[in-house]
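Hi,

Here is the structure I promised to pass on to you. Have a look at it first, and then read on for what turned up when I went through it.

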Amino acid sequence: MASPLKLEQEVQGKVDSFRARIAQEAEDLVSNFFPQKLSELDSQVQALRLQDLSRIRSVPVPELLAIPDPAGDGPNRDRRPRPLQVQAPGKGPVAPGGGGRLLRSNQHLVELIERVKPEIELLRDKCNTVRVWVQLLIPRVEDGNNFGVSVQEDTVDQLWAVESTATSYLRRFSTYYNTRAKLVSKIVKYPQVEDYHRTVAEVDENEYLSVRQILLHLRNQYATLHDVILKNIEKIKTPRSANTDNLY
């Protein structure tokens, strides 16, 4: 029979300190932080009313980019507005000096997305802490008396699924910006085509609904994880009541 690995006392102390810190953080997250974030996100969801869709629409209007004046800011500087230069047919006008027209994003959605992204990152980070805590509580493999272990493994799987879903939420924002940019470039090239203008408005409305749905999911995940872990906390912390000495 192979002898068990032995760690130096200093190393073992660091490992035990890490386990104790993770356990304390995770239990505080489940009992206090999760219900607190549930309440905060519920308030944010209620603030994003579905009847606000009309003010989400924002078809961009070209703006002249600020081009530095070679004359500088001195008293003799020519402060008269500099007109757009027009290129060949089929190409949009550009600013003097080779710059182009600035077509702004939908600022309402940009602000909303920038507000939601930290919430997604926060959920992913906190789930990671709780998942590591549960994984460290899983005892060594033995025959029989494994119902509590299965509860632990199910909890780990659920936490991992939440982390993966949160990652996919972050990736989808770049997809929205890319889709909208392609449509806006069509508007620049074919400004007389009304359908491109309407499509941009529809894309913005759909993104608003999607971001609101993401907030709903974040709220629901906090509620579900808080509920599931508290209901099974005894099995999670003590999966084998008769073999507690085997926890590592």
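**What I found**

In the protein chain, 82% of the contacts with a separation of 6 or more are between residues 24 or more positions apart. Please keep in mind that this is a predicted model. The chain has five helices and two strands, and their order along the sequence is α-β-β-α-α-α-α. Of its 248 residues, 30% count as buried.

**How the helices meet**

Let me start with helix 1 (residues 9–47) and helix 4 (residues 194–231). Their axes come within 9 Å and cross at roughly 155 degrees. Angles over 145 degrees count as roughly antiparallel, and that is why helix 1 is described as roughly antiparallel to helix 4. The crossing of these two helices is left-handed. On the helix 1 side, the residues making the contact include Val30, Phe33, Phe34, Leu38, Leu41 and Val45. On the helix 4 side, Leu215, Leu218, Tyr222, Leu225 and Ile229 are among them. Sorted by class, the contact of helix 1 with helix 4 has 15 nonpolar, four polar and four charged residues. Among the charged ones you will find Lys37 and Asp42 of helix 1, and Arg212 and Arg219 of helix 4.

Next come helix 2 (residues 107–137) and helix 3 (residues 147–189). The axes of helix 2 and helix 3 come within 9 Å, with a crossing angle of roughly 160 degrees. Helix 2 and helix 3 are therefore roughly antiparallel as well. Their crossing is left-handed, and the contact between them has 20 nonpolar, five polar and five charged residues.

Helix 1 also meets helix 2. The axes of this pair come within 9 Å and cross at roughly 145 degrees, again in a left-handed crossing. Here the contact residues divide into 14 nonpolar, two polar and seven charged.

**Aromatic pairs**

How many aromatic pairs are there? The count comes to five. One that I would point you to is phenylalanine 34 with tyrosine 222: the ring centres are 5.4 Å apart and the planes stand at 65 degrees, so the pair is edge-to-face. The cut-off behind that label is an angle of over 60 degrees between the planes. Because phenylalanine 34 lies in helix 1 and tyrosine 222 in helix 4, the pair ties together parts that are 188 residues apart in sequence.

Are these two residues buried or exposed? Phenylalanine 34 is buried, with a relative accessible area of 0%, and tyrosine 222 is buried too, at 0% relative accessibility. Phe33 joins them, and Phe33, Phe34 and Tyr222 form one aromatic cluster. These three residues also appear in the contact between helix 1 and helix 4.

**Two single residues to look at**

Valine 116 has its place in helix 2. At 1% relative accessibility, valine 116 counts as buried, because the cut-off for that is under 20%. Which residues does valine 116 touch, leaving aside those up to four places away in sequence? They are Phe173, Val211, Ile214 and Leu215. Of these, Phe173 falls within helix 3 (residues 147–189), while Val211, Ile214 and Leu215 fall within helix 4 (residues 194–231). Leu215 is also one of the helix 4 residues in the contact with helix 1. The C-alpha atoms of valine 116 and leucine 170 are separated by 9.5 Å, and the two residues lie 54 residues apart along the chain.

Lysine 237 is found in helix 5 (residues 233–237). Is lysine 237 buried or partly exposed? At 36% relative accessibility, lysine 237 counts as partly exposed. From C-alpha to C-alpha, lysine 237 and leucine 137 are 6.4 Å apart in space, with their positions 100 residues apart in sequence. Leucine 137 belongs to helix 2 (residues 107–137).

That is the tour. Enjoy looking through it.

Best wishes

Technical notes:
Residues numbered from 1 in each chain as written. Predicted model: local features only at pLDDT ≥ 70, side-chain atom pairs only at ≥ 80, totals over all residues. Heavy atoms only, no water. Buried < 20%, exposed > 50% of the residue type's maximum accessible area, 1.4 Å probe, protein only. Contact = heavy atoms within 4.5 Å. Axes fitted to C-alpha atoms, helices over the stretch in contact; angles between N-to-C directions. Parallel < 35°, antiparallel > 145°, perpendicular 65-115°, else oblique. Left-handed = near helix turned anticlockwise from the far one by under 90°. Phe/Tyr/Trp six-rings, centres within 6.5 Å; stacked < 30°, edge-to-face > 60°.
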